[in-house]
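Subject: The structure you asked about

Hi there,

Here is the structure, ready for you to open next to your notes. Have a look at it first, and then read on for what turned up.

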Amino acid sequence: MKNIINILLLVIVTITLSCSRNEGNFTISNESDFDIDSLYLIPDSKKQIIEIKKGEQVNLDIKMDEVKSDGSYLISFVNSSTNQKKSKSFGYYTNGYQMEDIINIRILNDTILISAKFDDIF
């Protein structure tokens, strides 16, 4: 009887993990005085490159299905007025899964601000 319960528990855990989303969810706001070109986030299996005009905000979902380890994200983009590349490492993911519900990124003239929202579990 105990073996049946263990097998059933293993099946439930496996199904639950296989149904979970293996993607990262981001909101990126360009609050700078310049347009952003060639923005990308790592790790992103889709390898999306986007542009964001000054004053615009985009929602970006990245696929993390190729990630099998822990690590941090990397945002990189080009300031279109100066052609200067900026990048910043931030956050943490585990086994290709984002721990936060959504990560908010605000790009200002001289800095990149990162904040996260977690699901209200309790």
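**The open sheet**

Four strands make up an open sheet, in the order E4-E1-E8-E9 and with mixed pairing. E4 and strand E9 (112–117) are the edge strands: each has a single partner strand, so one side of each is left without a neighbour in the sheet. On average, neighbouring strands here are turned by 20° against each other, direction ignored. Please keep in mind as you read that this is a predicted model.

In the middle of that order, E1 and E8 run parallel and are joined by 5 bridges. If you would like some landmarks, threonine 27 stands opposite asparagine 104 in E8, and asparagine 30 has isoleucine 107 in E8 as its bridge partner.

On the other side, E8 pairs with E9 in the antiparallel sense, over 6 bridges. These two strands form a hairpin, with 4 residues between them. Here isoleucine 103 stands opposite alanine 116 in E9.

E8 is also a nice strand for looking at its two faces. In general, the side chains of a regular strand alternate between the two faces of the sheet. In E8 the covered face carries Ile103, Ile105 and Ile107, while Ile102, Asn104 and Arg106 are on the uncovered one.

**The nonpolar core**

Which residues have the most contacts inside the largest nonpolar core? They are Phe26, Ile28, Leu39, Leu41 and Ile105, in a core of 21 residues. At least two core residues come from each of these strands: E1 (23–30), E2 (36–42), E3 (50–52), E4 (57–63), E5 (71–79), E6 (84–94) and E8 (102–107).

Phenylalanine 26 is a good residue to click on. Leaving aside its neighbours within four places in sequence, phenylalanine 26 is in contact with Leu41, Val58, Asn59, Leu60, Ile62, Tyr73, Phe90, Ile102, Ile103 and Ile105.

**Salt bridges**

Side chains of opposite charge can pair when their charged atoms come close. The structure holds 4 salt bridges, including the three described here.

Take lysine 63 and glutamate 23, whose closest N and O atoms are 3.4 Å apart. This pair links distant parts of the chain, with lysine 63 in strand E4 and glutamate 23 in strand E1, 40 residues apart. Are these two buried or exposed? Lysine 63 counts as partly exposed because its relative accessibility is 33%. Glutamate 23, at a relative accessible area of 16%, is buried.

Another pair is arginine 106 with glutamate 31, where the closest N and O atoms are 2.9 Å apart. Arginine 106 lies in strand E8 and glutamate 31 in the loop between E1 and E2, so this salt bridge ties together parts that are 75 residues apart in sequence. Both are partly exposed: arginine 106 has a relative accessible area of 36%, and glutamate 31 has one of 37%.

Then there is aspartate 35 with lysine 53, whose closest N and O atoms are 4.0 Å apart. Here aspartate 35 is in the loop between E1 and E2 and lysine 53 is in the loop between E3 and E4, 18 residues apart. Aspartate 35 is partly exposed, with a relative accessible area of 25%. Lysine 53 is partly exposed too, at 44%.

**Backbone details in the loops**

Most residues other than glycine have a negative phi, and most peptide bonds are trans. A few places in this model go the other way, and they are worth finding on screen.

- Isoleucine 42 and proline 43 are joined by a cis peptide bond, with omega at about 10°. Proline 43 has its place in the loop between E2 and E3.
- Lysine 47 lies in the loop between E2 and E3 as well. Its phi is positive, about 55°, although lysine 47 is not a glycine. Lysine 47 is exposed, with a relative accessible area of 59%.
- Asparagine 83 is in the loop between E5 and E6. Its phi is near 60°, a positive value in a residue other than glycine. Asparagine 83 counts as exposed because its relative accessibility is 63%.

Happy to go through any of this together whenever it suits you.

Best wishes

How values were computed: Residues are numbered from 1 along each chain as its sequence is written. This is a predicted model: local features need pLDDT of at least 70, side-chain atom pairs count only at pLDDT 80 or more; totals for chains, interfaces and linings use all residues. Side-chain values use heavy atoms; hydrogens and water are left out. A nonpolar core is a set of buried Ala, Val, Leu, Ile, Met, Phe, Trp, Tyr and Cys residues joined through side-chain atoms within 4.5 Å. Buried means under 20% relative accessible area, exposed over 50%, partly exposed in between (1.4 Å probe, protein chains only). Contact means heavy atoms within 4.5 Å. Two strands pair if DSSP finds at least two bridges between them. Axes are lines fitted to C-alpha atoms, for helices over the stretch in contact, and angles run from 0 to 180 degrees between N-to-C directions. A salt bridge is a side-chain nitrogen of Lys or Arg within 4 Å of a carboxyl oxygen of Asp or Glu.
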